[in-house]
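Student: I would like to take a close look at a single part of this protein and at what surrounds it. May I ask for one connected explanation that begins with a single residue?

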Amino acid sequence: MKPLSPFVQGNKDALPLLLGLLPFAVLTGVSAIQTGMTPWVAQLSSLLLMSGASQIAAATLMTVGAAPLVVIVTHIAINFRYAIYSAGLSQLKLQFSPLTKLAAAQVLIDQTYVLTFLRCQVQPLNAKERTQYYFGTALPMWLVWQTGTAAGILAGPLIPADWHLEFAITLCFISLLVPMLKNGPIVVAATVAGVLSGLTCGWPYNLGFLFSMVTGVLVGGLYHKVRGPQRSGELS
């Protein structure tokens, strides 16, 4: 059997994650409307940003009347992970022209990064094939996100509140986290961040989330720094 092209393989690998992404997108559309955005503005924000976690966080803060500066800082802090993803993708040496680089930045989300990173660990691909795979994962994600957001904008008021679609956010990130738990520093960072998130979930303006995220990364980095030399000594 002829192997799948990298682009089609990316489509195939993305399919299981779409089930969790769709309700996440719907919830994002609902949240945007609840803040008072018009349908056109809500959909445009999704087209330009495509970051459900920060969109929902910003919508929640706007709903409770948080100061604009708090909304902006929260938005930037949550989306700072994309700078880390970009650095990670640069190590994979994808092949971009100026136009495709802009498109790649526009569709970069947690799922496309994780799928591309994991695929490149298990399958030898050249730069062109890695780039094709990246866009193969991104296309169905982008289509489902925009469609789901539009559905949330149009049908949000009709969705019963007791459906609790916010569970999709947790499912999305759990499905991304588990495959990444392959070494000590990541396990330590995830564990610390998870425990602190539970302890600080009552902090106002989602500050507990930001504190937990930063602390988890710092502790994971410290663990790597301490354990790295020890493991090198063990191996030698």
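Is Lys93 buried or exposed? Please begin there, and then describe the helix that precedes Lys93 and the places where its residues meet other parts of the chain.

Tutor: The model is a predicted one, and what follows should be read in that light. Lys93 is exposed, for its relative accessible area is 59%, and the cut-off for that word is over 50%. Lys93 is located in the loop that runs between H5 and helix H6, the latter covering residues 98-106. Its backbone also deserves attention: phi is positive at Lys93, about 55°, although the residue is not a glycine. As a general rule, most residues other than glycine have a negative phi. With that positive phi, Lys93 follows H5, and we may now turn to the helix itself.

Helix H5 consists of 12 residues. From its first C-alpha to its last it reaches 17 Å, which is close to the 16 Å expected at 1.5 Å a residue. Its buried residues are Arg81, Tyr82, Tyr85, Gly88, Leu89 and Leu92. Around the axis, these residues cover an arc of only 115°, so they lie on the same side of H5. A general property of helices is useful here: an α-helix has 3.6 residues a turn, so residues three or four places apart point the same way.

Two of the buried residues of H5 are aromatic residues that belong to a cluster: ring pairs link Tyr82 and Tyr85 with Tyr113 and Phe117. In the structure there are eight aromatic pairs. One of them joins Tyr85 and Tyr113, whose ring centres are 4.6 Å apart and whose planes stand at 15°, so the pair is stacked. The reasoning rests on a cut-off, since planes under 30 degrees apart count as stacked. Tyr85 belongs to helix H5 (residues 81-92) and Tyr113 to helix H7 (residues 110-122), so this pair ties together parts that are 28 residues apart in sequence. Both partners are buried: Tyr85 has a relative accessible area of 13%, and Tyr113 has a relative accessibility of 11%. A further aromatic pair, between Tyr134 and Phe135, has another geometry: with 5.4 Å from centre to centre and 80° between the planes, it is edge-to-face. Tyr134 is buried, with a relative accessibility of 0%.

Tyr134 brings us back to H5 by way of Leu89, one of the buried residues of that helix. When neighbours within four places in sequence are left aside, Leu89 is in contact with Leu94, Leu108, Tyr113, Thr116 and Tyr134. Tyr113, the stacking partner of Tyr85, is thus also a contact of Leu89.

These contacts lead to the largest nonpolar core, which has 29 residues. The members that touch the most other members of this core are Leu89, Leu108, Tyr134 and Met141. At least two residues of the core come from each of helix H1 (6-34), H5, H7 and helix H8 (127-155). H1 supplies the largest share, with seven residues. The general background is that, in soluble globular proteins, nonpolar side chains tend to be buried together.

Helix H1 can be followed a little further through one of its residues, Gly29. Gly29 is buried, with a relative accessible area of 0%. Not counting residues up to four places away in sequence, Gly29 touches Thr149, Gly152 and Ile153. Gly29 and Gly52 are separated by 23 residues in sequence and, from C-alpha to C-alpha, by 9.2 Å in space.

To return to the starting point, two features may be kept together. Lys93 is exposed, at 59% relative accessible area, and its phi is positive. In the helix that Lys93 follows, the buried residues lie on the same side. Among those buried residues, Tyr85 stacks with Tyr113, while Leu89 is one of the residues that touch the most other members of the largest nonpolar core.

Note on methods. Residues are numbered from 1 along each chain as its sequence is written. This is a predicted model: local features need pLDDT of at least 70, side-chain atom pairs count only at pLDDT 80 or more; totals for chains, interfaces and linings use all residues. Side-chain values use heavy atoms; hydrogens and water are left out. Rings of Phe, Tyr and Trp (its six-membered ring) pair if their centres lie within 6.5 Å; planes under 30 degrees apart count as stacked, over 60 as edge-to-face and the rest as tilted. Helices (H or I, at least four residues) and strands (E, at least two) are DSSP runs, numbered from the N terminus. Buried means under 20% relative accessible area, exposed over 50%, partly exposed in between (1.4 Å probe, protein chains only). A nonpolar core is a set of buried Ala, Val, Leu, Ile, Met, Phe, Trp, Tyr and Cys residues joined through side-chain atoms within 4.5 Å. Contact means heavy atoms within 4.5 Å. The expected span of a helix is 1.5 Å times one less than its number of residues. The arc is that of the directions from the helix axis to the C-beta atoms.
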